[in-house]
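This report walks through a protein model. Two helices come before the cavities, the buried side chains and the backbone outliers.

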Amino acid sequence: MVSLLVKEKFYINEVVLGTGFGILIGPYGANVFTPRSWGSLENTITLEVMRIVLATGLFAVGVELPCAYMKEHAKSLLIMVVPTMAFGWVVIAAVMKALFPQLSYISSLCITACLTPTDPVTCAAITRGKFAIKHVPVKIRHILSAESAANDGLAYPFLSISIYLTVEASVRSAIGKWFLVGWLYQVILGTVLGAVLGLLFSKLMRVSHNKGYIDRESYIAQYLALSIFTIGVASTIGADDLLAAFAAGSAISWDGHFNAQTEDDAFASVIDYVLNCGCFIYIGAWLPFSDYNSLEYGITPWRLIVLMIAILVLRRIPPLLVLYKFIPEIASWREALFSGHFGPMGVSAVFVSALAITRLPAPEHPPADQAQYLAATLQPIVSFIVLGSIIVHGLSIPFFTIGRGVHSRTTSITLTWTNRNRTSVPDWVMWARRVDKPADIAGTMTSGDVERGTSTPGDTFRDSPEIASDMSETTEHGPPATTVTVTAVDDILADARSVMTERRFGGKNVDIVQVDAVSELLREPANDSGTSSDNQFKAVHFPSAQ
């Protein structure tokens, strides 16, 4: 009943809300929903619930990416995914070994393998929605979505080598099985299988659509059916079902026909939303809070908190700050820092940890060997990191928007233009900042429609008879009206434009500012009077000078 307010005003998505609700109704709250009381079936049910939600989300990522995106950006994804995962896997395992001395380094590698993939469901907080569209560059949104989907499937090899080294008698046998089973069979076969199924269904649905055998509603039904069918086939033969789902989604939308049939329908988004909400309610009720202080296993809250901080700082940020110059989609170190921070852990971490439990021996009390100790400590550590990631990454955007508002001040500007039907503030003026020196302005004088961002070099607004009269106009309250003059335009990222402006007070006291985020050039249709929509606005926010 208040979802629009919460998501669009406070930027809190279903990940945080669902987890909080799950905790409330779980065994540490109302005790209504208790997944861990289901005995031996609990881990199997958890594994399959996470599998379905992940497969649907990964298929959706593949469909929503631009046509042939994986082909055009394969090099960037390879550089961004593999070194980043490997670095975080090795470094965080060393930190974990230092914090939990009873764990061997191989066991630490097994636990960190569960934390290497970026969760596509939680990552949607900064790749979809109002905040993402308004503030995150399109290239960053696409590359983060593709990376979160690709590294989910690539978590299999990192997990399998750790498991094989733990349970196999010799290192040679472990490495042999890892290469043959982990890479060739699971990863390669899963990717090829998903791509073949996606292309096959794409061709079949196009033929059926051309012959009139299928309607638009049936296309939407395939959105869910094909993702489940793909993971069913892949998991049956033992291939990487997550990579298969992502490959199928990318392949089915390769030529854009499937996207064209489903782009304006909200049904697929509703399905995705319902699955995500249910999944995080399940995770909230599944969290084992009592295991976060298990002295017999060396697990204490302070160790878990230190590990969480180390993961946030070391898992993704250092490698992306080093590699971003080789990734064209990331233009600056700030974007690399942003991309490194938003590597949330959620559904994928729970799924991989549940998968690891199926391959480890049941632990005794006390554990008889390292494999049993690993089975006893794996999910408590992973679940705490998942909870911390949901809190940190789920609330990063709300805290960012609150902090931005606290450190900004408001300057009111009143314009006298031809039409005055609206009083809303144009989006592009919300990110203006002061420029200390007029010499910082580059380009020639321009004129045009400030709200729409159009401009023509060579003139200023003073040459416009409609606006020139406003510059010396005195209002009934005394002071002259304030006008804004565009003085330079240059392209910036995120489908936006950067504009330098002058705030003039009756032709005097020029105050120069820079507008950082001007909306993409839009042309609105003329209204009944033959003129374009109004251009009046009441207030502009100027963040404090940095």
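## Two bent helices

Helix α11 is followed by Gly212, whose phi is positive, near 80 degrees. Helices here are DSSP runs of H or I with at least four residues, strands are runs of E with at least two, and both are numbered from the N terminus. The model is predicted, so local features need pLDDT of at least 70 and side-chain atom pairs count only at pLDDT 80 or more, while totals for chains, interfaces and linings use all residues. Residues are numbered from 1 along each chain as its sequence is written, and side-chain values use heavy atoms, with hydrogens and water left out.

Helix α12 ends in a like manner: Gly238 follows, with a positive phi near 85 degrees. The table sets out both helices. Expected span is 1.5 Å times one less than the number of residues. The bend at a residue is the angle between axes fitted to the seven residues ending there and the seven starting there.

| Helix | Residues | Length | Span, first to last C-alpha | Expected span | Bend |
|---|---|---|---|---|---|
| α11 | 171–210 | 40 residues | 56 Å | 58 Å | about 30 degrees at Leu189 |
| α12 | 216–237 | 22 residues | 32 Å | 32 Å | about 35 degrees at Gln222 |

Which residues of α11 are buried? They are Ala174, Gly182, Gln186, Val187, Gly190, Leu193, Gly194, Leu197, Gly198, Ser202 and Met205. Buried means under 20% relative accessible area, exposed means over 50%, and partly exposed lies in between (1.4 Å probe, protein chains only). In α12, the buried residues are Tyr219, Ile220, Tyr223, Leu226, Ser227, Thr230, Ile231 and Ala234.

## The whole chain

The protein chain has 21 helices and eight strands. Of its 546 residues, 51% count as buried. A contact means heavy atoms within 4.5 Å. Among contacts with a separation of 6 or more, 75% join residues 24 or more positions apart.

## Cavities

Rolling a probe the size of a water molecule over the atoms shows where empty space is left. On a 1 Å grid over the protein atoms alone, a cavity is a set of points where a 1.4 Å probe fits but cannot get out, and lining residues have an atom within 4 Å of a point. Grid points are joined across faces, edges and corners, and a volume is the space filled by probe spheres set on the points.

The structure holds seven cavities of 30 Å³ or more. The second largest has about 60 Å³ of space. Its lining is made of Met80, Val81, Thr84, Met85, Gly88, Thr116, Thr118, Glu147, Asn151, Arg315 and Arg316. Helices α5 (74–99) and α9 (138–153) are the elements that give two or more residues to this lining. The largest share comes from α5, with five residues.

By class, the lining has three nonpolar, five polar and three charged residues. Ala, Val, Leu, Ile, Met, Phe, Trp, Tyr, Cys and Pro count as nonpolar, Asp, Glu, Lys and Arg as charged, and the others, Gly among them, as polar.

## Residues around α5

Leu78 also lies in helix α5. Is Leu78 buried or exposed? Leu78 counts as exposed because its relative accessible area is 56%. Leu78 and Asn151 are 73 residues apart in sequence, yet 10.0 Å apart in space, C-alpha to C-alpha. Asn151 is one of the cavity-lining residues.

Phe158 lies in helix α10 (residues 155–167). Phe158 has a relative accessible area of 12%, so it counts as buried. Not counting residues up to four places away in sequence, Phe158 touches Met85, Ala86, Trp89 and Ala113. Met85 also lines the second largest cavity. Phe158 and Ile111 are 47 residues apart in sequence and 9.9 Å apart in space, C-alpha to C-alpha.

## Loops and backbone outliers

Most residues other than glycine have a negative phi, and most peptide bonds are trans. Asn31 has a positive phi of about 60 degrees although it is not a glycine. Asn31 sits in the loop between α2 (14–25) and α3 (42–64). Ala68, also not a glycine, has a positive phi of about 55 degrees. Ala68 is in the loop between α3 and α4 (69–72). At 16% relative accessibility, Ala68 counts as buried.

The peptide bond from His365 to Pro366 is cis, with omega near 0 degrees. Pro366 lies in the loop between α19 (347–358) and α20 (370–406).

Thr300 lies in the loop between α15 (267–286) and α16 (301–314). Thr300 counts as buried, at 10% relative accessibility. Leaving aside neighbours within four places in sequence, Thr300 is in contact with Tyr292, Asn293 and Leu295.

Technical notes. 1 Å grid on protein atoms, 1.4 Å probe; cavity = no way out; pocket = protein on both sides within 12 Å on 5 of 7 lines; lining within 4 Å.
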